[in-house]
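Welcome! Please have a look at the sequence and the 3D structure shown here, and take a moment to turn the model around before reading on.

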Amino acid sequence: MVVERLRRFLVVPSAALVLVLTACGSGGSSTGGGLGSGDLLVGVLAPFSGADANLGPAYYAACLAAAPEINNNGGVGGRHVTCQKFDTRGEPADAAPAANQMVASNSNLMAVVGCTSDEASAVAPIVDKSHIPMFCMTGQSEFNKTKLPYFHRLVPADIFDAYGMVGWVMYGPNHSAWNKVALVFGDDIGSQSFVQPATNALQHFGKTVKNFAIHLGASSFRTEVQSMLAFKPDVIFTEALGSAGTYLGEVKELNGGQSIPFIGTSATIDPAWFKDVTGTIGVGDVVQYYRGVDLGYTFSGKAYEEFKANLQAAASTFADAPKYGQRGSTLHLYDGIIMTGLAMVATNSKDATVYNPKIKEIANGTSGATVVHTYKEGLDALKAGKSIRYVGAAGENNFDQYNNSQSGYILVKYDAQGGEVQVAALTPEQTKKLSDAGGL
Amino acid sequence: MSLLIAAFGFGLVSMSVIALAAVGFTMQFGITNMINLAYGQVMIASAFVAYYLNQARVSVWIAMLGGAAFGAVFSFVINRFVYAPFQGKGTALLGMVIVSLAVSLMISNAMLPIVGYFSVAYRERFSHLLRFGDIALSVNQIVIIGLAVAVMLAVHALLRYTRLGKAMRATAANPMLARNCGIPTNRVIDAVWLITGSLCGLAGVVAALDSDSFTIASGATFLITALAAAVLGGAGQPYGAMIGAVIIGLVTELSAAVWSPDYKQVVAFAILVLVMVLRPQGLLAKRGALAAAG
């Protein structure tokens, strides 16, 4: 009896104390049911082995930079963010079990990042069904009008990369007229998605174009190269992830030691691609003959500096992390994780059905929203009761109704150290002309 | 027509690289009854050993010997400490295939933190291009063709004219009978792993040099073509593997020239399937060097 009374005596004020603490901790426009406790997890669902093993580390680096940005500022309602790799091997057959295992064994998943074109079709429905927001690095057109509400894409569809490359031919400075264009992409569906829009646009502008598909991962392409050289192209459009070094090396060898100008997709702005190609044709040739397209990153400003500092610090966990300081996907996914953390705080909810819609709102901003560039700025604004727009390390985001974010293209080159050098930017008018010419 | 002739030249290079890989692979199976799916990973591990030697200013041709030596020792160790204990316990052939697959994944994942996922290339990847009409071959490629011919002749001499070769053939035909006849089959098998491992290592370096650049993931590609040539020629038959390499090497390049590179793999594997349907034992089964010594 004494024990029972003592229990009541303790329970009533304890419950009141919990209520008070919860109310104090919620801040902002709380609509959710609390942020819970324990560590939160960001799943990096990407290839870490197999032919595209170079992709996963770039995304893992993004998470390793975002986690301290959040954790050093109080976490998500006190909960620390951690990162875990889930290897898809770049194969749908391996990716689906990896995704299932990830969602089944981790109830604390706050977001998933990665899901490249290798496996997005297989894993996106699984992650979506589990109501986990995901930020995918795929340009596949099937996601242009996706009905998956938890899917987010911070990079444009591949067709826009193709238009950007045509933009180099039409509007890029300091090159002779390029009238014959060879398209050298992998023979898989994802890689071939560049071909039709590029062909349409080039033909619209009166250029001669021919597709020379290659089987990515083959040990040599000599016959394919010989066939392509017989076409006598002025310029090559390519991506050929994992095979570009071999292909372009054989081009140089069979073309009498002379490289041909080549334009790469935004995915070729990548340390692994740079090393692959410079390894075979040399740094000098890459600097001289390479052109590329990329999204309009400034690599400056408060958000970028914060990202860069966190990325440098991540070297203690992942030595290669600082190499991804100018990789678009790393910047974007970093921003995606920060926005997710802010969305959770803004809704005071660990329930993704509640905070998922808030991500888009924080990315696009609403009328009168306060622009913030870091997690801390976002927290402070939310605590002050303001609505926010997060403009992060990769710049502004503008999600459409299908959670696809579009931004402008820049024309770039490499410097000898593998750094990106902006040569020009495509104006909105030029982009529209290219897009209209592509007709897709 | 000129593209066809050029493709024939490239086919000579491809078949040389495939032959080097396929002969070692098929000998492992023919003599030790082991379908070693880790073969491709040992190839790429050897290629990386040669790469590090090459980075230390050792010529790639000398580094190739280092790669071959590494392949020999590594294959020997894998057999002694993994395959042989399983085989000693009577693990079935299918079980051994799974074990070798596991070994392949273990090697791949153990190498990843060491070599990374970036492509690498040997310093001497470019050499002078020589033209013979429409055929254009670099000096490196001509050396590779010569090396393959020399190795094939050496394998022939080993199997036909040496005591070790005869012991290998006897062990392949009937290990128990060979043992009862006084042949030290365990030592013969050790020698087989050392010899085929060195072929594997050599093939890895040659394939990597021929590819201009390579990564840790290249091993799977190397394995598939070696496996296809070995099966086409008749599993366990070194001469069959040589013929298989010639067919696959030439057909892949010529089909790319005649039709489209899209069909390169399709045509090669269609021929493989056709041969398997018409002659399931492969082209040279029961007639090769490892058939019962007689």
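The report below goes from chain A as a whole to its domains, and then to the contact with chain B.

## How to read the model

This is a predicted model: local features need pLDDT of at least 70 and side-chain atom pairs count only at pLDDT 80 or more, while totals for chains, interfaces and linings use all residues. Residues are numbered from 1 along each chain as its sequence is written, and chains are lettered from A and ligands numbered from 1 in the order in which they are written.

## Chain A as a whole

Chain A holds 16 helices and 14 strands; these are DSSP runs numbered from the N terminus, with H or I over at least four residues for a helix and E over at least two for a strand. Its radius of gyration is 24 Å, close to the 22 Å that the globule rule gives for 440 residues, so chain A is as compact as a globular protein of that length. The radius is taken over C-alpha atoms, and the rule is 2.2 Å times the number of residues to the power 0.38.

How many of the 440 residues of chain A count as buried? The share is 55%, where buried means that 20 or more other C-beta atoms, placed from the backbone, lie within 10 Å of the residue's own (exposed: 12 or fewer; partly exposed: in between).

## Two domains

Chain A is divided into domain 1 (39–157 + 299–390) and domain 2 (163–293 + 407–438), with bounds from an automatic or database domain assignment. Taken over C-alpha atoms, the centres of the two domains of chain A are 29 Å apart.

In chain A, 11 residues of domain 1 are in contact with 13 residues of domain 2; contact means that C-beta atoms, placed from the backbone, lie within 7 Å. On the domain 1 side there are 1 nonpolar, 7 polar and 3 charged residues. Here Ala, Val, Leu, Ile, Met, Phe, Trp, Tyr, Cys and Pro count as nonpolar, Asp, Glu, Lys and Arg as charged, and the others, Gly among them, as polar.

## Where chain B meets chain A

The contact between the chains takes 33 residues from chain A and 35 residues from chain B. The chain B side has 18 nonpolar, 11 polar and 6 charged residues. Its largest share, 5 residues, comes from α1(B).

Helix α1(B) has 31 residues, and 26 of them are buried. From first C-alpha to last, α1(B) reaches 45 Å, close to the expected 45 Å, which is 1.5 Å times one less than its number of residues. Just after α1(B), B:N33 takes a positive phi of about 60°.

Conventions
Two residues are in contact if their C-beta atoms, placed from the backbone, lie within 7 Å.
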